Each structure stands twice: as structure tokens, then as C-alpha cells.
Amino acid sequence: GLDVLKDAPDVLNNQYLKRFPEFQQFLGKNVDSEQQSDADENTPEDTFAEAFEKMNNNLADEILDEVMRISPVAFEKMILDLLAKMGYGAFENAGRTTSITGDEGIDGIIMEDKLGFDLIYVQAKRYAEDKSVGRPDIQAFVGAITGRGGKGLFVTTARFTEKAITYAKRQHIILIDGHKLAQLMIEHGFGVSTRKIYEIKAVDSDVFNEYVDEE
């Protein structure tokens, strides 16, 4: 074996100590070395951002769990309220627009802006997360809004199939799935409350430059 005193370098660093099995065990070498080096390269800000993203993903799952507890009719109203909070104009009777339009394919109508220049027709479907919304659902929605001179927005708690996504793009229909819906609710403070705020600050060199002695 190696004699620490006999072979000791001028500087006793980690690189030298890694020659000893005991120190390798101390470092936990059962962890993949490449992952270990990646973790070492992370700045505190990177680590914070990763933790923040993980917390938001967990929160998104919790939000969808809560959304699944409300009725399908209440879900339609919730979507219209969310869109109003996002800055879109909403009719006073937005919650009753289905009966007004007489169309089963339209769950609500909102205005693209507060002045109401353009209308957006909304279909909101509260489906189980493991369900997929397919192309036929989007086609039926397109049929309901065709000729009305407005845009289409399809919102669901589930996910969309690839064919549905491709078709919707061609028809200029905006799709919002469960994950995107939860993220929008977090972003716009809808159905969530702020528990704690962390501020990441940096040195403002301009302030300190003002205290430099004049020559």
C-alpha cells in the first residue's frame, strides 16, 4: 500500500487522496462518477432552479387532483374564469353561453381582448388524465365553430394524441392539455397561493463604484 507520509505531496488535495480506497469509500464511489462530476459543476443557482422546477411539477400534479374533484360543468366555468384572469375579456353571462349558443360543441365564449374585437370559442373537457383526446374530438369542435368568425381553444385535463395535435395546427385551433393548464394556473396565480418568496440578488457594482476615492 501507499505510505501517506513517505509519498505525501506538497499539497494534500482530493486528487491525491483518491489514491486511497478508504477515501474513495468516503466519497461514495458507488455513485456514477460522471453524475458526481455533473453534480459538482452545478452552481447553487442551478440547484435552486432544479428544486424549484421539481416543486412546481409536484404542485401541478396536486392542482390537477383538485380540478378532477369538481364537476364537468364547474370545470367549464373555471376555465372561463382562468382566461378572464389571464387578461381575456369575458361576457357577463359566460357561464351560460352553451345554452345561449345552442351548440354542444361550444362550452363558452370569451373575447380576445377587453374591448371584444375578436371572439374565441372554448371547449373545456374534464377527462381522466390517462384519457387521450383524439382527432375526432377536434373535428367536432371545428364543425361547431365553423362560419362563426372566431377562433377555437380546446382545453382538457387529459392529453392530446399526435393526430389531434397535427390536425389542430392545420385548423389553427389552440390546444391546452392537463400539464399546460396546471402551469398556466401556477403562472397566473389561479387556484394557488404564494407560500414563500425567495429573491436571488447579485452585487450592484455601480453602487460601490460611487465610493471610490477621487484622485
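Buried means under 20% relative accessible area, exposed over 50%, and partly exposed in between, with a 1.4 Å probe and protein chains only. The model is predicted: local features need pLDDT of at least 70, side-chain atom pairs count only at pLDDT 80 or more, and totals for chains, interfaces and linings use all residues. Residues are numbered from 1 along each chain as its sequence is written, and side-chain values use heavy atoms, without hydrogens and water.

**Exercise 1. Classify the salt-bridge partners by burial.**

Take a salt bridge as a side-chain nitrogen of Lys or Arg within 4 Å of a carboxyl oxygen of Asp or Glu. How many salt bridges does the structure hold?

Solution.
- Step 1. The structure holds five.
- Step 2. Glu-199 pairs with Lys-201, with closest N and O atoms 3.7 Å apart. Both Glu-199 and Lys-201 are exposed.
- Step 3. Arg-69 meets Glu-66 at 3.6 Å, N to O. Arg-69 has 63% relative accessibility, so Arg-69 counts as exposed. Glu-66 has 47%, so Glu-66 counts as partly exposed.
- Step 4. Asp-107 forms a salt bridge with Lys-125, again with closest N and O atoms 3.7 Å apart. Asp-107 lies in the loop between helix H7 (97-101) and strand E2 (108-111), and Lys-125 in strand E3, so the pair ties together parts that are 18 residues apart in sequence. Both Asp-107 and Lys-125 are buried.

**Exercise 2. Check the length of helix H6, then describe its burial.**

Helices (H or I, at least four residues) and strands (E, at least two) are DSSP runs, numbered from the N terminus. The expected span of a helix is 1.5 Å times one less than its number of residues.

Solution.
- Step 1. H6 covers residues 72-85, which is 14 residues.
- Step 2. The expected span is 20 Å, and the end C-alpha atoms are 20 Å apart, so the two agree.
- Step 3. The buried residues in H6 are Phe-75, Glu-76, Met-78, Ile-79, Leu-80, Leu-82 and Leu-83.
- Step 4. Gly-87 follows H6, with a positive phi near 110°.

**Exercise 3. Place strand E5 among its neighbours.**

Two strands pair if DSSP finds at least two bridges between them. Which way do E3 and E5 run, parallel or antiparallel?

Solution.
- Step 1. E3 (residues 119-125) and E5 run parallel, joined by six bridges. Ile-120 stands opposite Lys-151 in E5.
- Step 2. E5 also pairs with E7 (residues 173-176) in the parallel sense, over four bridges. Phe-154 has Leu-175 of E7 as its bridge partner.
- Step 3. Five of the six residues of E5 (residues 151-156) are buried, so E5 is largely enclosed by the rest of the structure.

**Exercise 4. Map the surroundings of Phe-141.**

Contact means heavy atoms within 4.5 Å. Where is Phe-141 found?

Solution.
- Step 1. Phe-141 is found in helix H8 (residues 135-145).
- Step 2. Its relative accessible area is 0%, so Phe-141 is buried.
- Step 3. Leaving out residues up to four places away in sequence, Phe-141 touches eight-chain positions including Gly-105, Tyr-121, Val-122, Leu-153, Phe-154 and Ile-173.
- Step 4. Gly-105 is 36 residues from Phe-141 in sequence, yet their C-alpha atoms are 5.4 Å apart.
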